[in-house]
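These are my notebook entries on a structure that I went through feature by feature. I began with single peptide bonds and then turned to annotated regions, the ligand and helix packing.

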Amino acid sequence: MTRARVLLLNAALGPLDYRVPHGTEVEPGSIVVAPLGPRQLLGVAWEPDRMPSDAEVGDNRLRNLLAVADVPPLRAPLRRLVEWTADYYLASPASVLRMCLASTSALEGARTVTEYRVTGEVPPRLTPQREQALERIADRQGLIRELATIADVSDAVIRGLVKSGAIEAVEVDIDSPFVPPDPDHAAPTLNPGQSEAAAALVAAVADHRFEPTLLDGVTGSGKTEVYFEAVAEAIRQGRQTLVLLPEIALTEPFLKRFHDRFGVEPVAWHSGLRSTQRRRAWRAIAEGRALVTVGARSALFLPYANLGLIVVDEAHETSFKQEEGVHYHARDVAVMRGKFEQCPVILASATPAIETRQQVALGRYAELKLPDRYGPAEMPHIAAIDLIAEPPERGRWLAPRLVTALTETLDRREQSLLFLNRRGYAPLTLCRTCGHRFQCPNCTAWMVEHRLTRRLACHHCGHVEPVPRACPECKGEDTLVACGPGVERIADEVALLFPEAKTAVVTSDTIWSPAKAAEFVGRMEAGDIDIVVGTQLVTKGYHFPNLTLVGVVDADLGLEGGDLRAAERTFQQIRQVSGRAGRGEKPGRVLIQTHSPQAQVMQALITGDAETFYAAETEARREAGAPPFGRYAAIVVSSEDQPCALEIARLVGRTAPKVDGMHVYGPAPAPLAMLRGRHRYRLLVHARRALDVQDVIREWLGALEWPAKARVTVDVDPYNF
Ligand code: ADP
Ligand code: ZN
């Protein structure tokens, strides 16, 4: 190949052709450095026939490639995945490729990196800034830049500390090997149901078969132990495994559990990694030295050298849906990756999504069931508390029956979990005198009061303000009242009711790193917490044998808003959180506070009859032509300039093609009509399943032009509407 077609990573242009200099080897998938104007950009060589270029240049006018990175080329299955993802989600191949090369620093030649850490020596001159820095980075290690960020000081402060001897340099070898996991380190004895499921999964791994399989087991049935057998088989064959988790907070418990089973930790991949860890992991994955990787959805696009198994744990979780950049669903992309790699894909869940169940019904996915909890653990007893018949006291949120249950649980020295999917103290703060409400200046959203930090925060853009003493409108003092509960307010009520009990609030505000999650798990296991008050963060994954009571503070919360998946999500969430109760030898119970105990979803939760609920939900979807029977795509037009956003949205609406089996609704203000200072209008495309709606939208939008201040994004198979 003397001519190479290259997809550049950060150019809006299509693929460009370059000349391959003498003595340089370039093949499809090679990672190269190419000139563009005065710039040097990273790119990937591609098969020309799969990536047409609209700027064909004669051989004599080609520019030379500047370099080829010293890493393995992206393999064909990953290249096919990039093409598929770009095509399906209407994204540019370059934006997908950026996810594959997540760590461009991994491409740098050097095999060692200098990191820094605290020595323990006190510097002769201890300024407040130095003190702050040393305190915050006490047990951390990283590049100077990273430590400065953690400590919230300038690079110069860190460098000064290095000079004074309080911080020292350490050479990190980024090729230092990952010890391979031992498949037989501590293999459990499976019960007959588990063995049967494990055998089917192991066989698929052994045969290198593309086989998506739903591992549908109740909470505590041993799904993890079962899919670990498939992981063990992949390890024996020297092939790589990817385990996707929905939440970075679940990584730490998973690492520990994996260590117990296989003797070493797997490679972790998530946004919290330091740049050096990222480099080391990326290279080891690309060179096939990392046998098992556990990660958030971004781990899906890494360049595995020989992938033999993909596991999507808690596969029903909506956080697998990426809502920024490339709008993809990691569960669905995982299945496609398995297809291109020809390896099995396990979707593990106690509450599979209707979309996944439908794939099973159509015979496209296999299904393995684990209907019983492992060992002596029984499913918890579930009951509803009718908030109309048994209301909490005035100004309180916990009904008397739930309070009694908490008392009993405390008396038995067992642990309780109160679930409320709302961060902060109160979802709305207003002035008692004039009715002023605190709204985010950037979003169509109320500011949420956080008492722990004494701030009002927007949960959509991150804007924060101190809580003012006086109302900004009527200047009245001490007139602000909090409306409705958030987890912090429930924790206050618990503290008032049970002053001796040890409580913990678990939300993304308190558990923001794997280390924090590990700390929480440690305190739970040590019995250092009696009552947890938490958001959806505590609903999954955790296994605390002494946790026997779960209280759902407001089961109706998720049903507001009329979202397509509201009932399904409520069912999944409450069933998951219920699954935290009674996982050990002691029986568990669950109390669900609701205003509508007769609602179908509440009845399904109480009786445990998931099938009837799913059947009714599925039927309703079928009638409405909603997913998985029909499909949606959302087109969102946004701009800081409201008339501009509206005008372009109307233009998009006006030019909608008339296609049989497709209907376009809108434009209407998007659910968040303003987000991060941008006004948003949405058009919703509803189409028959069989219609290639992407093709239609590509042509439709491709023919339009709009000013740069407007942005048009497409979300295929959208959530949250
Ligand atoms: P799930 O993922 O289905 O919720 P887990 O895999 O977390 O279930 O299993 C629940 C608990 O039961 C865990 O502590 C797990 O180690 C234990 N367990 C499950 N199966 C076995 C087994 N065959 N032998 C020993 N312990 C098991
Ligand atoms: Zn905001």
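In which strand does Pro 667 lie? I looked it up in the model, which is a predicted one, and found Pro 667 in strand β28, residues 662-675.

**Entry 1. Peptide bonds and backbone angles.**
I checked the bond that leads into Pro 667 from Gly 666 and noted that it is cis, with omega near 10°. I recorded another cis bond from Pro 627 to Pro 628, where omega is near 5°. Pro 628 is placed in a loop, between α17 (610-624) and β27 (630-639). I then looked at Glu 314, whose phi is near 50°, a positive value although the residue is not glycine. Glu 314 belongs to the loop that runs between β13 (307-313) and α10 (330-341). I noted these positions because most peptide bonds are trans and most residues other than glycine have a negative phi.

**Entry 2. The annotated domain.**
I took the range of the domain from UniProt, where an unreviewed entry gives "Helicase ATP-binding" for residues 204-370. Over residues 204-370 I read 37% helix and 21% strand. The C-alpha atoms at the two ends of this range are 18 Å apart.

**Entry 3. Surroundings of ligand 1.**
How many residues surround ligand 1? I found 15, and the closest are Pro 188, Gly 222, Lys 223, Thr 224 and Tyr 374. Helix α7, residues 223-236, contributes the most to this shell, with three residues. By class, I listed ten polar, three nonpolar and two charged residues in the shell around ligand 1.

**Entry 4. Annotated cysteines.**
I looked up the "binding site" annotation in the unreviewed UniProt entry, which covers Cys 431, Cys 434, Cys 471 and Cys 474. These cysteines span 44 residues in sequence, yet no two of their C-alpha atoms are more than 8.5 Å apart, so they gather at one spot. I located Cys 431 in strand β18, residues 428-431.

UniProt also places a "binding site" feature (unreviewed entry) at Cys 440, Cys 443, Cys 458 and Cys 461. Here the span is 22 residues in sequence, and because no two of the C-alpha atoms are more than 8.7 Å apart, this set gathers at one spot. I located Cys 440 in the loop between β18 and β19 (448-450).

**Entry 5. Helices α4 and α5.**
I examined how helix α4 (residues 144-151) packs on helix α5 (residues 155-164): the axes are 8 Å apart and the angle is about 110°. The two helices are therefore roughly perpendicular. The crossing of α4 past α5 is right-handed. From α4, I listed Ile 144, Arg 145, Leu 147 and Ala 148 in the contact; from α5, Asp 155, Val 157, Ile 158 and Arg 159. Five of the contact residues are nonpolar, three are charged and none is polar.

**Entry 6. Helices α15 and α16.**
Finally, I examined helix α15 (residues 566-578) and helix α16 (residues 600-607), whose axes come within 10 Å and cross at roughly 25°. This makes α15 and α16 roughly parallel to each other. I noted that α15 passes α16 in a right-handed crossing. The contact involves Ala 567, Thr 570, Phe 571, Ile 574 and Arg 575 of α15, together with Val 601, Ala 604 and Leu 605 of α16. I classed six residues of this contact as nonpolar, one as polar and one as charged.

Notes
Residues numbered from 1 in each chain as written. Chains lettered and ligands numbered in written order. Predicted model: local features only at pLDDT ≥ 70, side-chain atom pairs only at ≥ 80, totals over all residues. UniProt positions renumbered as here; feature names shortened; annotations may be inferred. Helix = DSSP H or I, 4+ residues; strand = E, 2+ residues; numbered from the N terminus. Axes fitted to C-alpha atoms, helices over the stretch in contact; angles between N-to-C directions. Parallel < 35°, antiparallel > 145°, perpendicular 65-115°, else oblique. Left-handed = near helix turned anticlockwise from the far one by under 90°. Contact = placed C-beta atoms within 7 Å. Nonpolar A, V, L, I, M, F, W, Y, C, P; charged D, E, K, R; others polar. Near = placed C-beta within 6 Å.
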